[in-house]
Amino acid sequence: MVFLGVETPVATDTSIEARVTQTAYNTLESLTMGSGEVLDFSTSHLRLDLRGLGHSIRSGSLVPVDFKFVSGTLRAMAHV
């Protein structure tokens, strides 16, 4: 499965980023996941960067997110 990124109405731009050093990240165009693999952004070296926030987002908020894959889109509410 190939993960292409996310879209959300609360940000004008988003990206998938991978930590390469303690303080530096590289932007990824996509992320290939193996069958049965779990993608956990809270415990991995990966993060989703949301830029151009047009809404006030506070810790604990839920925001609508479309997770984009080559095979389709998964709509969900993401916990901030």
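Start at the hairpin that joins β6 to β7 through two residues. The model on screen is a predicted one. Select β6, residues 62–69, together with β7, residues 72–79. Eight bridges hold this antiparallel pair together. For one point of register, pick Pro64 and look across to Met77 in β7, which stands opposite.

**Along β6**

Stay on β6 and select Asp66, which lies in this strand. Is Asp66 buried or exposed? Asp66 has a relative accessible area of 15%, and because the cut-off for buried is under 20%, Asp66 counts as buried. Show what surrounds Asp66: leaving out residues up to four places away in sequence, the side to inspect holds Gly5, Val6 and Glu7, and also Thr73, Leu74 and Arg75.

Move to Phe67 and apply the filter that drops neighbours within four places in sequence. Which residues are then in contact with Phe67? They are Phe3, Gly5, Val6, Leu48, Gly72, Thr73, Leu74 and Ala76. Val6 appears in the list for Phe67 and also in the list for Asp66.

**The four-stranded sheet**

Widen the selection to the sheet around β6. Four strands make up this open sheet, in the order β4-β1-β6-β7, with antiparallel pairing. Its edge strands are β4 (31–32) and β7, each of which pairs on one side only.

**The nonpolar core**

Next, select Phe3, Val6, Val10, Ile16, Ala18, Leu31, Met33, Leu46, Val63, Val65, Phe67 and Phe69 and show their side chains. These 12 residues are the largest nonpolar core. Which strands each supply at least two residues of this core? They are β1 (2–7), β2 (13–19) and β6 (62–69). The strand that gives the most is β6, with four residues. As background, nonpolar side chains tend to be buried together in soluble globular proteins.

**The three-stranded sheet**

From the core, follow Ile16 and Ala18 into the other sheet to visit. Three strands form this open sheet in the order β3-β2-β5, and the pairing is antiparallel. The edges are β3 (25–28) and β5 (46–51); each has a single partner strand, so one side of each is left without a neighbour in the sheet. From one strand to the next, the twist averages 40 degrees.

Take the β2 and β3 pair next. Five residues form the connection in the hairpin that joins β2 to β3. Four bridges join these two antiparallel strands. Select Ile16, and its bridge partner in β3 is Leu28.

Now turn to β2 and β5. How many bridges join β2 to β5? There are six, and the two strands run antiparallel. Select Ala18 to find Leu46 of β5 opposite; both Ala18 and Leu46 belong to the nonpolar core.

**Thr14**

Remain on β2 and select Thr14, which lies in that strand. Its relative accessibility is 21%, and Thr14 therefore counts as partly exposed. With neighbours within four places in sequence set aside, the contacts of Thr14 are Val6, Thr8, Asp49, Leu50 and Arg51. Add Gly54 and draw a distance between C-alpha atoms: Thr14 and Gly54 are 40 residues apart along the chain, and the separation is 13 Å.

**The whole chain**

Finish by clearing the selection and viewing the chain as a whole. What secondary structure elements does the chain have? Zero helices and seven strands, which read along the sequence as β-β-β-β-β-β-β.

For overall dimensions, the C-alpha trace spans about 35 × 35 × 20 Å along its principal axes. The radius of gyration of the chain is 13 Å; a compact globule with 80 residues would have one near 12 Å, so the chain agrees with that expectation.

Colour by accessibility, and 22% of the 80 residues count as buried. The accessible surface of the chain comes to about 5,600 Å², and carbon and sulfur atoms account for 52% of that. A contact map is a useful last view: among contacts between residues at least 6 apart in sequence, 57% join residues at least 24 apart.

Notes: Residues numbered from 1 in each chain as written. Predicted model: local features only at pLDDT ≥ 70, side-chain atom pairs only at ≥ 80, totals over all residues. Heavy atoms only, no water. Core = buried A, V, L, I, M, F, W, Y, C linked by side-chain atoms within 4.5 Å. Buried < 20%, exposed > 50% of the residue type's maximum accessible area, 1.4 Å probe, protein only. Contact = heavy atoms within 4.5 Å. Pairing = 2+ DSSP bridges. Axes fitted to C-alpha atoms, helices over the stretch in contact; angles between N-to-C directions. Rg over C-alpha atoms; globule rule 2.2 N^0.38 Å. Areas by Shrake-Rupley, 256 points an atom, 1.4 Å probe, with all protein chains shown as cover.
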